[in-house]
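Q: I'm new to this structure. Please choose one part of it and take me through it closely, including how the pieces there are arranged.

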Amino acid sequence: MSVKQSQSVDDGVNAFLSQNSKTQLVTILGATGSIGCSTLDVIRLHPEQFKVFAITGVSQLSKLAEQVIEFSPQYAVVNSQEAAKQLSGLLQDSQSNTEILFGSKALCDIASDPSVDIVMSAIVGAAGLMPTLAAVKTAKRVLLANKEALVMSGELFIDAVNQNGAQLLPIDSEHNAIFQCLPNDFEYGNKHKSGISHLLLTGSGGPFRELPLADFSNITTEQACAHPNWSMGRKISVDSASMMNKGLEFIEAKWLFGMDESDIEVVLHPQSTIHSMVQYIDGSVIAQMGNPDMRTPIAYGLSYPERIHSGVANLDFSTLRDFSFSSPCKKRFPNLYLAIEASKQGQAATTALNAANELAVHAFLQEKINFTQINQVNDMTLQKHGHGNLTCIDSILEHDHLSRESAQAFVNTMIEAQL
Ligand code: NAD
Ligand code: MG
């Protein structure tokens with residue numbers, strides 16, 4: 001077992017490769033999270049087809065150690081030298097040959113390693129941007145769960161995909177559904193050629209779809225994280241409760257499919273059975289349906305254009321009840337509409353909003369601000385940093401940083417006002 005800062009491809013990779021010449025090598029960024037574990041669940045079903053090349057995680061080191069023992073990746077990456085030593089200690093008694101790396105360069109290295117075929121981008125938040133871009137720039141098949149990376153860098157990200165010949169496949173269930181409902185010859189941004197009227201992005205409305213508005217400021221972190229249909233990480237669960245998640249997905253859909261804001265409509269569908277739809281100009285609507293389980297879009301991303309078993313149970317139509325649809329209320333879900341406005345404003349706005357929201361959700365999860373204050377922090381940060389365009393990665397990272405500073409100042413003021 002060795003612990004070291006990342007270097008370029010190691011000699012050991014060759015030996016590793018020769019054992020797995022027919023399989024596709026997969027790097028999983030954020031392997032210990034909800035999406036990461038679901039990805040490993042699917043890979044476990046197809047050991048001939050996929051082999052784990054590298055896994056990463058920041059905090060749940062015992063889980064990461066278990067994954068190392070089960071999947072024997074070439075590399076495991078953690079955030080710090082201390083974490084690397086801890087992981088090494090956890091693996092001391094195992095027969096593991098996995099090399100342990102740490103730091104942000106290591107994340108980029110295992111995402112861009114020449115031997116890797118597929119990169120699952122499942123780190124939560126802005127921390128996932130640089131390793132995901134590293135995978136894009138080395139023309140991988142990139143399975144994008146980390147919507148924040150695309151929201152914060154938009155056009156730059158898509159340009160990098162096109163310039164480098166990467167294959168970007170959406171894993172977010174809604175975008176994966178839309179991808180499945182589009183015609184095979186769909187041309188990016190060319191909705192007219194394909195006879196598309198618009199995209200219908202569905203969302204359940206989360207746990208507070210019917211909560212009296214007066215109770216919103218008393219929402220607890222446990223209530224916000226208890227999504228009625230999906231089991232997810234804490235940040236995306238809070239985003240789903242505020243519908244900021246649908247706002248981020250609105251921006252994500254715009255970039256993934258090259259649509260205008262007027263081409264995308266958000267529809268509330270509390271049952272989460274239809275994962276999204278495409279409306280065509282002849283009146284047809286094509287929907288993708290299934291049980292709410294991320295292993296379905298993950299399996300499709302891994303095996304596209306073929307289909308493989310995902311472990312998800314078939315939809316049982318005899319048990320489906322109350323298939324309903326409505327429009328999301330602006331008063332109840334102000335974050336959704338803030339995100340749609342930011343999308344119209346441009347890159348500075350969406351970068352600022354993403355940064356503010358990450359910080360505000362973190363403060364809420366630490367019980368420093370209340371649920372409704374998430375929207376206030378987002379709104380104030382957007383007013384301050386929502387203007388202008390960002391055309392290079394340095395300006396995006398700088399804008400992200402400045403927006404976080406402002407959002408933190410707003411959070412601090414709110415905390416002081418409570419004392
Ligand atoms: P999660 O919190 O369960 O897992 C996050 C992963 O990222 C963990 O492995 C964690 O160790 C890692 N991580 C966190 N901070 C990091 C940092 N600073 N540096 C490096 N690694 C870090 O989150 P999740 O629910 O799996 O979501 C992951 C991403 O997928 C998010 O962007 C989310 O929006 C998106 N997504 C999730 C779902 C879902 O059902 N969970 C659905 C659609 C999209
Ligand atoms: Mg989604």
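A: Two axes count as roughly parallel at angles under 35 degrees, roughly antiparallel over 145, roughly perpendicular from 65 to 115, and oblique otherwise. The axes are lines fitted to C-alpha atoms, for helices over the stretch in contact, and angles run from 0 to 180 degrees between N-to-C directions. This is a predicted model, in which local features need pLDDT of at least 70 and side-chain atom pairs pLDDT 80 or more, while totals for chains, interfaces and linings use all residues. Residues are numbered from 1 along each chain as its sequence is written, chains are lettered from A and ligands numbered from 1 in the order written, and side-chain values use heavy atoms, without hydrogens and water.

Let's look at helix α13, which spans residues 334-345; helices here are DSSP runs (H or I, at least four residues; strands are E, at least two), numbered from the N terminus. Its partner is helix α11, residues 244-257, and the two axes come within 7 Å and cross at roughly 25°. α11 and α13 are therefore roughly parallel to each other. Their crossing is right-handed, meaning that the near helix is turned clockwise from the far one by less than a right angle (anticlockwise would be left-handed).

Which residues meet there? On the α11 side you will find Met244, Lys246, Gly247, Leu248, Phe250, Ile251 and Lys254, and these meet Asn335, Leu336, Ala339, Ile340 and Ser343 of α13; contact means heavy atoms within 4.5 Å. Sorted by class, this contact holds seven nonpolar, three polar and two charged residues. Here Ala, Val, Leu, Ile, Met, Phe, Trp, Tyr, Cys and Pro count as nonpolar, Asp, Glu, Lys and Arg as charged, and the others, Gly among them, as polar.

Now follow the chain back from α13. The loop between α12 (295-303) and α13 contains Pro305, and the peptide bond leading from Tyr304 into Pro305 is cis, with omega near 10°.

For a second example of packing, turn to helix α14 (residues 347-365) and helix α16 (residues 393-418), whose axes lie 8 Å apart at an angle of about 45°. That angle makes α14 oblique to α16. α14 passes α16 in a right-handed crossing. From α14 the contact includes Ala348, Ala352, Ala355 and Leu359, and from α16 it includes Ile396, His399, Arg404 and Val411. In this contact, nine residues are nonpolar, four polar and three charged.
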